[in-house]
Each structure stands twice: as structure tokens, then as C-alpha cells.
Amino acid sequence: MYQQFYEMLKQLEQRIRTLEEENLALKKKLDEVRPIVIENINYKIQEINVDELKGTLNIGWSGEATVDDVSKMIGEVNENTEEESD
């Protein structure tokens, strides 16, 4: 009976060692992976060719915005444009 427990314990220890080695190898691979950085997204709306339009076409962000939210965004865009032109 003790022999069976001893064998099971040895098998479990071996599995733990194997899993630890695999874990280290995966951590090393993960450290080598570079994150993807998207600096700029350009929408080229003029290149869209529509033969037949049915339904609704949403371009850009969509959501439920209030008039105040949209006015605020337009104001920020105008401020940025004025700063760039100065």
C-alpha cells in the first residue's frame, strides 16, 4: 500500500517538474512577443464604391450621443484646428 502511494507521489512530482518547465518556456516566449501598437488609422471614405444602398451605413464611431456631447466634440476639434494653424 505504501509502495503505491510512493509511486503516485513520484509521478506527481515528475508531472509538476514537467509543468514547471513548460511554464518557464511559455513565459520566455511571452516575453519575446512584441505588443502591437497602432499609431494611426486612416479612413478613406472617398474610395468606397456603393452600387446599391439599402438600410443604414454607419461610418466611424456610432452610439448614442447627446447634442451637448457632439457640440463639445466639435468645439474641441475647432480648438485643435485653430492651434495647429497658429
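**Exercise 1. Work out what share of the residues in this predicted model is buried, and what the surface is made of.**

Step 1: Buried residues come to 0% of the 86 residues in the protein. To be counted as buried, a residue has to have under 20% relative accessible area.

Step 2: Now the surface. The protein's accessible surface is about 9400 Å², and carbon and sulfur atoms hold 52% of that.

Step 3: Put the fold next to those numbers: you get 2 helices and 0 strands.

**Exercise 2. Find where Y2 sits, decide whether Y2 is buried or exposed, and name the patch that includes Y2.**

Step 1: Look in helix 1, since that's the place of Y2.

Step 2: Check the cover. Y2 has 71% relative accessibility, so Y2 goes down as exposed; the cut-off for that class is over 50%.

Step 3: Pick out the partners. Y2 joins M1, F5 and M8 in a nonpolar surface patch, and together the four have about 570 Å² of accessible area.

**Exercise 3. Place T18, classify its exposure, and track down a polar partner for its side chain.**

Step 1: T18 is in helix 1, which runs over residues 2–32.

Step 2: T18 counts as partly exposed because its relative accessibility is 30%, and that class lies between the 20% and 50% cut-offs.

Step 3: Follow the side chain of T18: one of its polar atoms is 2.9 Å from the backbone oxygen of Q14.

Conventions. Residues numbered from 1 in each chain as written. Predicted model: local features only at pLDDT ≥ 70, side-chain atom pairs only at ≥ 80, totals over all residues. Heavy atoms only, no water. Helix = DSSP H or I, 4+ residues; strand = E, 2+ residues; numbered from the N terminus. Buried < 20%, exposed > 50% of the residue type's maximum accessible area, 1.4 Å probe, protein only. Polar contact = N/O pair within 3.5 Å; in protein donor to acceptor, adjacent residues only side chain to side chain. Patch = residues over 30% accessible without salt bridge, like charges linked within 9 Å, V, L, I, M, F, W, Y side chains within 5 Å. Areas by Shrake-Rupley, 256 points an atom, 1.4 Å probe, with all protein chains shown as cover. Salt bridge = Lys/Arg side-chain N within 4 Å of Asp/Glu carboxyl O.
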